[in-house]
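Work through the following exercises with the sequence and the coordinates at hand. Each task is followed by a solution in steps.

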Amino acid sequence: MTAGLGADRVSRRAGGRLVVDGVSIAPPPGATVGLLGPNGSGKSTLLRLLAGVLSPASGVVTLDGRPLPELGRRTVARRVAVVDQHSVTQVELTVRDVVRLGRIPHRRAWSPPTAQDDEAVSDALDRTGLTDRAAQSWHTLSGGERQRVQIARALAQNPRELLLDEPTNHLDIHHQLDLLSLVADLPVTSVIALHDLNLAAMFCDHLLVLHEGRTYASGTPAEVITEELIAKVYGVRAVVTGATDGRPAIRFLRN
């Protein structure tokens with residue numbers, strides 16, 4: 001039986017075209033996997049397939065070797081947490097209230113929080129450095145702080161797999177580095193859709209590059225990120241140099 005979350009030759013159509021075309025992914029347990037590719041390459045759709053939000057037209061998404069539909073949404077939600085690009089609410093919530101939402105898959109309807117729920121929420125706040133912000137209003141937070149709260153909410157689910165869709169969008173450099181350092185150090189398997197190749201090279205153990213819905217390349221950052229790939233997939237020129245830790249660094253050139 002295959003451990004963890006994976007997809008085998010999944011495809012999905014939207015607007016009459018194949019958005020994801022026969023893609024397979026099997027993240028190693030505990031690894032941080034980066035999904036790369038231009039806009040429209042299928043990254044977000046692949047994440048939704050992995051989360052069970054969308055169903056593949058062909059192929060299968062499995063969790064510990066079992067197709068997601070066999071497991072049911074609640075079972076999947078207890079294992080797989082999702083952090084989207086944007087999370088908004090008109091309801092007045094504190095940081096702790098938002099993080100508590102992560103316990104919904106573990107609770108029966110209308111049941112009060114248990115001691116285990118409270119412990120999971122407190123642990124998630126602590127891991128993300130938000131304990132002193134627990135009583136603060138969600139609406140008073142910066143973009144980077146809100147993303148950190150969403151990761152805390154996901155961690156409160158006690159997931160083994162974490163899916164993140166471009167979590168660094170609209171964050172400044174400091175918050176991008178801070179957020180990805182947090183994710184890379186978590187004891188979970190993470191799959192992150194990213195635009196920034198340098199950030200992907202810095203923080204990901206493995207990369208999957210999508211181009212026009214198909215897998216273009218897969219491997220370690222050093223194996224995947226090449227000047228040829230950047231030219232063919234992104235249509236730009238770049239100089240790729242090796243770093244002392246074996247991770248490539250990319251310098252883009254004017255066309």
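**Exercise 1. A bridge partner**

Which residue in S8 is the bridge partner of Val 33?

Solution. The model is a predicted one. Step 1: locate the two strands, S3 at residues 32–36 and S8 at residues 189–193. Step 2: establish the sense of the pairing, which is parallel, over four bridges. Step 3: read off the partner of Val 33 in S8, which is Val 191.

**Exercise 2. The six-stranded sheet**

State the strand order of the open sheet of six strands, and find the strands that stand at its edges.

Solution. Step 1: the order is S6-S7-S8-S3-S9-S10. The pairing along this sheet is mixed. Step 2: the edges are held by S6 (80–83) and S10 (214–219); each has a single partner strand, so one side of each has no neighbour in the sheet. Step 3: for the twist, take the angle between neighbouring strands with direction ignored, which averages 15 degrees. Step 4: add the helix that lies across S3, S9 (206–211) and S10, namely H10 at residues 227–234. H10 runs at about 35 degrees to S9.

**Exercise 3. The four-stranded sheet**

Describe the open sheet of four strands in the manner of Exercise 2, and give the bridge partner of Ala 7 in S4.

Solution. Step 1: the strands follow the order S2-S1-S4-S5, with antiparallel pairing. Step 2: S2 (17–25) and S5 (66–67) are the edge strands; each pairs with a single strand, so one side of each remains without a neighbour in the sheet. Step 3: S1 (residues 5–14) and S4 (residues 58–63) are joined in the antiparallel sense by five bridges. Within S4, Val 61 is the bridge partner of Ala 7. Step 4: H1 (residues 43–51) lies across S1, S2 and S4, and its angle to S1 is about 125 degrees.

**Exercise 4. Nonpolar cores**

How many residues has the largest nonpolar core, and which of them have the most contacts inside it?

Solution. Step 1: the largest nonpolar core has 47 residues. Step 2: those with the most contacts inside this core are Val 99, Val 149, Ile 151, Leu 162, Ile 225 and Ile 230. Step 3: take Val 149 and leave out residues up to four places away in sequence; Val 149 then touches Val 95, Val 98, Val 99, Leu 130, Trp 138 and Leu 141. Step 4: a second core, separate from the largest, has 25 residues, including Val 10, Leu 46, Val 61 and Val 191. Two of these names have come up before: Val 191 as the partner of Val 33, and Val 61 as the partner of Ala 7.

**Exercise 5. Salt bridges and accessibility**

Count the salt bridges, then examine the pairs Asp 8 with Arg 9, Arg 66 with Glu 70, and Asp 97 with Arg 100.

Solution. Step 1: with a cut-off of 4 Å between nitrogen and carboxyl oxygen, the count comes to 14 salt bridges.

Step 2: tabulate the three pairs.

| Pair | Closest N and O | Accessibility |
|---|---|---|
| Asp 8, Arg 9 | 3.3 Å | Asp 8: 35%, partly exposed; Arg 9: 56%, exposed |
| Arg 66, Glu 70 | 3.7 Å | Arg 66: 37%, partly exposed; Glu 70: 53%, exposed |
| Asp 97, Arg 100 | 3.4 Å | Asp 97: 25%, partly exposed; Arg 100: 33%, partly exposed |

Step 3: place Asp 97 and Arg 100 in the fold. Both are in H4 (residues 95–100), three residues apart, which is about one turn of the helix. Step 4: check for shared partners; Asp 64, Arg 79 and Glu 161 are joined into one network by salt bridges that share partners.

**Exercise 6. Positive phi**

Where do Glu 166 and Glu 212 lie, and is each buried or exposed?

Solution. Step 1: recall the background, that most residues other than glycine have a negative phi. Step 2: phi of Glu 166 is near 45 degrees, and that of Glu 212 is about 55 degrees. Step 3: Glu 166 sits in the loop between S7 (161–165) and H7 (173–184), whereas Glu 212 sits in the loop between S9 and S10. Step 4: buried means under 20% relative accessible area and exposed means over 50%. Glu 166, at 8%, is therefore buried, and Glu 212, at 59%, is exposed.

How values were computed
Residues numbered from 1 in each chain as written. Predicted model: local features only at pLDDT ≥ 70, side-chain atom pairs only at ≥ 80, totals over all residues. Heavy atoms only, no water. Pairing = 2+ DSSP bridges. Axes fitted to C-alpha atoms, helices over the stretch in contact; angles between N-to-C directions. Contact = heavy atoms within 4.5 Å. Core = buried A, V, L, I, M, F, W, Y, C linked by side-chain atoms within 4.5 Å. Buried < 20%, exposed > 50% of the residue type's maximum accessible area, 1.4 Å probe, protein only. Salt bridge = Lys/Arg side-chain N within 4 Å of Asp/Glu carboxyl O.
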